[in-house]
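Biologist: I am new to this structure. Please walk me through it, and give the reasoning behind each label.

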Amino acid sequence: MRYQHLARYPDIGSNSYLVELGKTKVVLDAGSHPKHTGKNTLPLFETIERGSVDAVFVSHSHLDHIGGLPVLVEQQPNAAVAMTEQTIEFGSALLHNSVNVMKSQRDELNERDYPLYTHRQIDRMQKDWLVRSVGKTFFIGEDDRVECDFFRAGHVMGAVGIRMRFEGKSILFTGDVHFEDQTMTRAADLPREKVDTLIIETTRGDHVRDVDYTREKEKRRFGETIARTLERGGAVLIPVFAFGKTQETLLMLHELRDEGVVPRVPVHIGGLSTRMTQIADGFCDYEGRLHREYRILADFEDLRVLPRGHREPEFHPGRIYALSSGMMSEKTVSHRFARRILASPENSLLFVGYADEATPGGRILEAGQGGRVRLDAKHEHETPIHCEVERFDFSGHAPREQLVRYALDCAPSTVLLVHGDPAAKEWFRNELSQKLPDAKVIVPDPGQKIDL
């Protein structure tokens with residue numbers, strides 16, 4: 001058995017891994033990298049012999065896991081592509097949106113390779129994608145048969161961890177995983193039994209969570225901050241990722257309203273968030289979902305949806321704006337709306353997800369209230385931050401201590417540390433090397449091949 005690390009860079013992005021089990025070849029995930037452009041966004045697909053892959057499994061539908069899939073499928077036309085039904089629906093919508101983004105960037109960034117794929121390619125490929133459900137074993141490979149299982153990963157709707165068994169050996173890939181219930185998404189249910197090789201995410205390896213943290217306490221602090229803003233006559237901007245964070249945030253606001261913490265004021269969403277919420281509402285009976293049967297677009301009181309084609313909603317004090325993107329990337333709705341919020345100390349800007357330090361959202365968090373920020377990287381002008389700025393921990397990734405405990409439960413002979421910045425991976429390497437002294441704990445380099 002052999003593993004090859006296909007991620008092109010040593011950080012988070014272009015996530016993809018090749019696993020060879022005898023003559024059977026499987027690619028786990030096929031992502032793109034948000035910090036790069038053109039073909040450099042893709043994993044190292046060129047290192048795989050064309051037409052040699054038997055199957056591609058996609059753990060979930062975030063673009064850093066599915067964004068390169070159409071390119072891989074063109075190079076591996078005989079590969080069976082499998083994922084959950086939710087990942088197919090969310091992933092297809094996100095890939096179509098990615099085509100639109102690449103088209104707009106083609107001239108702006110002078111990327112002649114954009115778009116890397118087309119709407120027609122996505123539609124054609126999607127017809128052949130296979131639905132595989134949690135809890136139902138299936139097999140791949142002709143000469144060397146591999147037994148496969150999907151397990152709920154708890155990260156977003158439809159996310160799975162993947163186990164493969166071959167000739168008495170087992171490999172478990174956690175994907176992005178969360179072991180606690182969120183607001184919409186139920187906790188992971190990965191197997192806690194011995195595996196030979198564990199491929200595990202390390203996203204929060206450099207983050208220390210407060211020992212007194214509970215999601216319920218953080219939710220209440222979030223609600224009280226919103227209520228305080230509205231009481232002083234301000235408006236609230238919550239930058240959200242269209243898939244996952246939008247739906248989690250709206251359901252959290254629904255709970256906080258019912259608990260009397262947040263008043264019932266209009267809440268605005270728009271753009272891709274509306275489409276993602278529509279898909280989520282279509283999976284009300286999904287076993288991995290909480291608030292089952294609650295349809296956000298139909299049941300959320302006074303939800304204001306930005307009409308298609310409108311660049312941003314009108315500004316009104318005393319309202320909540322949950323707008324994408326979560327990092328306030330340039331030319332997104334939240335980025336365009338930001339100046340209205342930053343201008344007044346009555347308003348609040350509340351971050352509920354990750355914001356890279358190089359993005360406008362990350363720069364605002366770094367500067368804080370009273371600071372100044374360049375919202376547009378192409379202009380030297382800095383905007384003063386008069387509003388309240390707060391960050392809340394509603395991560396969809398498990399804290400590092402829980403991941404370590406999970407790794408100990410699996411008692412692997414080999415641990416491959418993936419999906420993390422170098423500092424995060426290094427923390428896990430040190431921790432697991434001490435607690436699993438008989439195991440090989442490896443941080444794979446881009447392109448590296450490892451015999452298992």
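Biologist: Why is Arg112 called exposed?

Modeller: This is a predicted model, so the label rests on computed values. Arg112 has a relative accessible area of 55%. Exposed means over 50%, so Arg112 qualifies.

Biologist: What makes Asp107 exposed?

Modeller: The cut-off is again over 50%. Asp107 has a relative accessible area of 59%, so Asp107 is exposed too.

Biologist: How do you know that the side chains of Arg112 and Asp107 meet in a salt bridge?

Modeller: The N to O distance is 2.9 Å. The limit is within 4 Å, so the pair counts as a salt bridge. By this rule the count comes to 33 salt bridges.

Biologist: What makes the pair of Glu255 and Lys219 a salt bridge?

Modeller: Their N to O distance is 2.9 Å. That is within 4 Å, so the rule is met. The pair links distant parts of the chain, 36 residues apart. Glu255 sits in helix H6 (residues 245-258), and Lys219 in helix H5 (residues 215-231).

Biologist: Is Lys219 buried or exposed, and why?

Modeller: Lys219 is buried. Its relative accessible area is 6%, and buried means under 20%, so the label follows.

Biologist: Why are Asp302 and Arg304 called partly exposed?

Modeller: Asp302 has a relative accessible area of 30%, and Arg304 has 31%. Partly exposed lies between under 20% and over 50%, so both fit. Their side chains meet in a salt bridge, 2.7 Å from N to O.

Biologist: Which residues do salt bridges that share partners join into one network?

Modeller: Glu147, Asp149, Arg163, Arg165 and Glu193.

Biologist: What lines the largest cavity?

Modeller: The lining includes His178, Glu180, Arg204, Tyr213, Phe394 and Ser395. By class, it has two nonpolar, three polar and five charged residues. Tyr and Phe count as nonpolar, so Tyr213 and Phe394 belong to that class. The volume is about 40 Å³. A search of the whole structure finds one cavity of 30 Å³ or more.

Biologist: What makes strand E6 and strand E22 edge strands?

Modeller: Seven strands form an open sheet in the order E6-E5-E4-E3-E2-E1-E22, with mixed pairing. Strand E6 (130-131) and strand E22 (449-451) each have a single partner strand, so one side of each is left without a neighbour in the sheet.

Biologist: How do you know that strand E1 and strand E2 pair?

Modeller: Pairing needs at least two bridges. Strand E1 (residues 2-5) and strand E2 (residues 17-21) have four bridges, so they pair, in the antiparallel sense. Arg2 stands opposite Glu20 in E2.

Methods. Residues are numbered from 1 along each chain as its sequence is written. This is a predicted model: local features need pLDDT of at least 70, side-chain atom pairs count only at pLDDT 80 or more; totals for chains, interfaces and linings use all residues. Side-chain values use heavy atoms; hydrogens and water are left out. Buried means under 20% relative accessible area, exposed over 50%, partly exposed in between (1.4 Å probe, protein chains only). Helices (H or I, at least four residues) and strands (E, at least two) are DSSP runs, numbered from the N terminus. On a 1 Å grid over the protein atoms alone, a cavity is a set of points where a 1.4 Å probe fits but cannot get out, and a pocket is an open set with protein on both sides within 12 Å along at least five of seven lines; lining residues have an atom within 4 Å of a point. Grid points are joined across faces, edges and corners, and a volume is the space filled by probe spheres set on the points.
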